[in-house]
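Trainee: I should be grateful for a close look at one part of this structure, a sheet and the helix that packs on it. Please describe how the strands are arranged and paired.

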Amino acid sequence: MIRIQEILDLVAAHNHEANLELIQKAYVFAAAAHVGQTRLSGEPYLSHPLAVAHRLAEMGFDEATIAAGLLHDTVEDTKATIEEIDEQFGEEVADIVDGVTKISLIPFESKEEAQAENIRKMILAMSHDMRVLMVKLADRAHNMSTLDFQKPHKQKRIAQETMDIYAPLANRLGLHRIKQQLEDLSFKYLRPDLYGQITKWLDDNQVVERHIIDKVVTRLEDLLKSNGIHGTVYGRIKHKYSIYKKMQHLSLTLDEMHDIMAFRVLVADIKDCYAVLGLVHSQWKPVHGRFKDYISMPKANGYQSLHTTVIGPEGERIEIQIRTEEMHRQAEHGVASHWLYKEKGRVNPKDLEQFSWLREIFERQRDEADSKEFMLSLRLDLFKDEVYVYTPHGDVKELPEGATPLDFAFHIHTKVGHHCAGAKVNGKLVPLGTPLKNGDTVEIVTDSSRNPNRDWLKMVKTAKARSRIQHYLRTEERAHALALGRDMLEKEGRKVSLNVARAVKEGQMAIVAQDMNFDSVDDLTAAVGYAHLTPRKILNKLYAVLHPGEQTPAAQAAEAAPAKEKEPDKPRTEGVGISGVDGVLMRFAKCCNPVPGDPIIGYISRGMGVSVHRQDCPNVANMEPERLLSVHWNGEEDKPYEARIYILCRNERGVLAQVAQILAKDGVNITTLTTKPLVDGRSDMDITVEVRNVAQLYQLIDELRKLPPILEVIRASDGE
């Protein structure tokens, strides 16, 4: 178990003026609070907060963060309260402990929507002080190192959560060491078979690998010395998860893997970095397309280095990273380097550039329509490779791989994105959906009359652009729904002698809105435009407010409407309902013809109510997600529902009669039937039938398949 003195020594080495008494006091408090508690490994529970605090001290964090690391489990797992922490250690420490406690209490469920909402809460907890995330990452790193003592199902759940959330967060903050540790340990429990294979393969080949590493290190050291460059050279095997990812990406077996060794050259200044690069390329042949200059174009987390891959002395590919000592500190410690190598004065985590993307997520999450949309945005932010492009003035901008000029426009400013009318890449006009490449210079052409449209969502790759476009579209669609709803209410009102505009002005519609549980008249009116409510239902309520106790003309009109206004081909939807909503205009989609028993989904059409589709309808995939809603069958299966059947058969005499006989036996009515002979002696039939439910439909299909001339029978949709 780590001793408190080791932590104090580390802190003192980084900062001679550190308040060691605060850390010592936190240790005494944590030891008393956790007395008698043990971990699953059998160790005293105190070993965990000590390990967390030690990791934070190694990373160079301030005394408040390290004290919070010692205390981070006291509120959750002991009788200690956040008020006690505040009283004894101050508001700064208490806020960090409180944030970590809130994250720990979040139940990360497997359902995507529940997990998205919980991650939303986690971002909120971290947003007040980013050191909350630092303590949580150190906590997770130690918990992962002791995961062997958990039950297998918990191992997999915790490992997946770590791979999905915490490892990407560590990467975005430049915490390279923690990121690698979290990935390797998660990989161990998520794919133990492959983890074991890679471990064994590395063990079996370590003699050869060590020989090559020593040879390359010696050659590089000689190269530096002979050219008068002072530097240090290191060689290592890449971590196991990165080897696995490379195998997957390139579809290689372990024996085909040759690019698993990495070398690092640390020099004094940037000039020497480029000098070493030239020497390396003169010594060994570089691999085309494998050079990256992160010095002139740093990553968003502050990482700087030159990366090149060359063909080594024995014909193997080797990766060489070249950077200064200062860049190396940033690469190893990421955002923590601001504390570890700070000058006099305190570090304000709110001012750090590396946290700007996380603050942007926090700001943006309030605009996301739902949890799934937020989860998509988060994944776009966390899981991405970078592309570096230039503005016309030479400023470098980082975007995710595959980003387009439209993403670039929104990255510059929301208004530039909204009014983006065209783009020039390297001086040439290109479509807005063109993927950008490293080194491109991008110029945006704007037009104040241009505004986002839904097709733009197909062109963008960044969460920021997607969020801004969707926010604009939602605002525009609400304005459209409001105007449409107002027009529909006024037209229907005139039919029954109700002046809706006057009722709005004089406040009667506000009473109706309140009675129907809407926050405002505008919300009620927009619900009509979105087809959530029928105008007649609202007018009935309005008439009751204006003329208490009288029979409503609107109700009379509603009774007379079926005979007067019914459209002859309007499909029935009496058997379908929407939870918590009544009176919605609904119709069955002709593209897939759902019948009772089919899994179904509703789609809000502009001004045409809700269309009901089968969930597996091909058209659903191309629909606007925010317009989809859950619908259900009400259990009324005694009415006929149309369904299409496609039959492929041999072109024999009497086959149609056999099909008709089966349909008649099952009491199934035919509404349309077309047949078409094919050139190869076969025919096809396209039949629309009326059935009570999906069970009857598939029973009919099974019976038809048993007929000797029938080759295939499938349920069809439009376009099939």
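Mentor: In this predicted model, let us start from one pair of strands: β2 (residues 261-267) and β5 (residues 317-324) run parallel and are joined by seven bridges. Within this pair, Leu 266 has Arg 323 of β5 standing opposite. Helix α13, which covers residues 206-226, packs on the sheet to which these strands belong and touches β1, β2 and β5. The direction of α13 makes about 165° with that of β1.

The sheet itself is open and is formed by five strands, in the order β1-β2-β5-β4-β3, with mixed pairing. Its edges are taken by β1 (231-237) and β3 (292-293); each has a single partner strand, so one side of each is left without a neighbour in the sheet. Strands of a sheet pair through backbone hydrogen bonds, in either the parallel or the antiparallel sense.

A second open sheet may be set beside it. Four strands form that sheet in the order β18-β19-β17-β20, and the pairing is antiparallel. Here β18 (669-677) and β20 (710-716) stand at the edges with a single partner strand each, so that one side of each lacks a neighbour in the sheet. From one strand to the next, the twist averages 20°. Eight bridges link β18 to β19 (residues 682-691) in the antiparallel sense, and Pro 677 stands opposite Ser 683 in β19. Helix α28 (residues 655-665) packs on this sheet, in contact with β17 (641-650), β18, β19 and β20, and its direction makes about 20° with that of β19. Helix α29 (residues 694-705) also packs on the sheet, touching β17, β19 and β20, with its direction at about 165° to that of β20.

How values were computed: Residues are numbered from 1 along each chain as its sequence is written. This is a predicted model: local features need pLDDT of at least 70, side-chain atom pairs count only at pLDDT 80 or more; totals for chains, interfaces and linings use all residues. Side-chain values use heavy atoms; hydrogens and water are left out. Two strands pair if DSSP finds at least two bridges between them. Helices (H or I, at least four residues) and strands (E, at least two) are DSSP runs, numbered from the N terminus. Axes are lines fitted to C-alpha atoms, for helices over the stretch in contact, and angles run from 0 to 180 degrees between N-to-C directions. Contact means heavy atoms within 4.5 Å.
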